[in-house]
Amino acid sequence: MAQKQQRGSPQDTHPTGVRPDQIQLLLDACREAKRFAYCPYSNFPVGAALLTSDGKIFSGCNVENASYPLGVCAERTAIQKAVSEGYNKFRAMAVASNMQDYAMPCGACRQVLREFGKQWDLYMTKPDGTYIVKTLEELLPHSFGPEALKTP
């Protein structure tokens with residue numbers, strides 16, 4: 001259920017209940033977060049903004065490290081900030097990069113996001129302000145999550 005829309009013109013509340021004003025705040029916050037990316041090795045800045053179930057927004061950027069595997073993606077930075085402040089129920093995330101295509105979360109980030117549910121919205125943006133929206137379940141179908149580890 002991809003929707004291509006221009007920045008600032010979301011038409012309706014998405015089925016998960018994210019209002020147009022919240023979408024715009026997320027889009028603005030992810031672009032702002034991208035400005036703070038520490039990416040001297042890849043020169044690939046990414047920003048993310050995360051909307052909690054009670055309307056708070058946490059932003060994050062990618063932070064690279066000379067020991068490459070220790071770098072952290074923007075999406076995981078935003079999640080870690082939220083969780084470290086006591087939030088673990090989320091409704092949406094927006095992601096921005098300088099790519100000419102839509103900024104998509106990597107596989108590791110999709111799995112980290114999945115820890116917190118399947119039915120929340122991801123707004124993947126382009127530098128021109130357009131975006132598509134998908135649920136996490138659409139980006140990571142047939143996923144493994146915490147419910148698989150619960151014992152009967």
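Let me begin with one residue, C39, which is buried, with a relative accessible area of 11%. Its counterpart in this part of the talk is C61, which is in no disulfide and whose nearest cysteine sulfur, that of C39, is 8.5 Å away. C61 also counts as buried, at 13% relative accessibility. I should say at once that what you see above is a predicted model, and the values I quote are computed from it.

Why is C39 not bonded to C61? The sulfur of C39 is 8.5 Å from the sulfur of C61, which is the closest cysteine sulfur to it, and that is too far for a bond, given that a disulfide needs the two sulfur atoms within 2.5 Å. For the structure as a whole, the number of disulfides is zero.

Let me now step back to the overall layout. The protein has four helices and five strands, and if you follow the sequence from its start, these elements come in the pattern α-β-β-α-β-α-β-β-α. Of the 152 residues in the protein, 43% are buried. Among the contacts with a separation of 6 or more, 60% are between residues 24 or more positions apart. As for the surface, the protein exposes about 8,000 Å², and carbon and sulfur atoms supply 53% of that area.

Next, please look at helix α1, which covers residues 20–34. This helix has 15 residues, and from its first C-alpha to its last it reaches 21 Å, which is close to the 21 Å expected at 1.5 Å a residue. Its buried residues are Q22, I23, Q24, L26, L27, A29, C30, A33 and K34. What do these buried residues pack against? They pack against β1 (46–52), β2 (57–61), β3 (90–97), β4 (121–125) and β5 (131–135).

Finally, I would like to turn to L136, a residue that lies in helix α4, which runs over residues 136–139. Is L136 buried or exposed? L136 is buried, and its relative accessible area is 1%. Leaving aside residues up to four places away in sequence, L136 touches R110, L113, R114, G117, K118, W120 and L122. As a further view of the same region, the C-alpha atoms of L136 and Q111 are separated by 9.4 Å, although these two residues are 25 residues apart along the chain.

To close where I began, C39 and C61 are both buried, and yet the 8.5 Å between their sulfur atoms is too far for a bond.

Notes: Residues numbered from 1 in each chain as written. Predicted model: local features only at pLDDT ≥ 70, side-chain atom pairs only at ≥ 80, totals over all residues. Heavy atoms only, no water. Helix = DSSP H or I, 4+ residues; strand = E, 2+ residues; numbered from the N terminus. Buried < 20%, exposed > 50% of the residue type's maximum accessible area, 1.4 Å probe, protein only. Contact = heavy atoms within 4.5 Å. Areas by Shrake-Rupley, 256 points an atom, 1.4 Å probe, with all protein chains shown as cover. Expected span 1.5 Å × (residues − 1).
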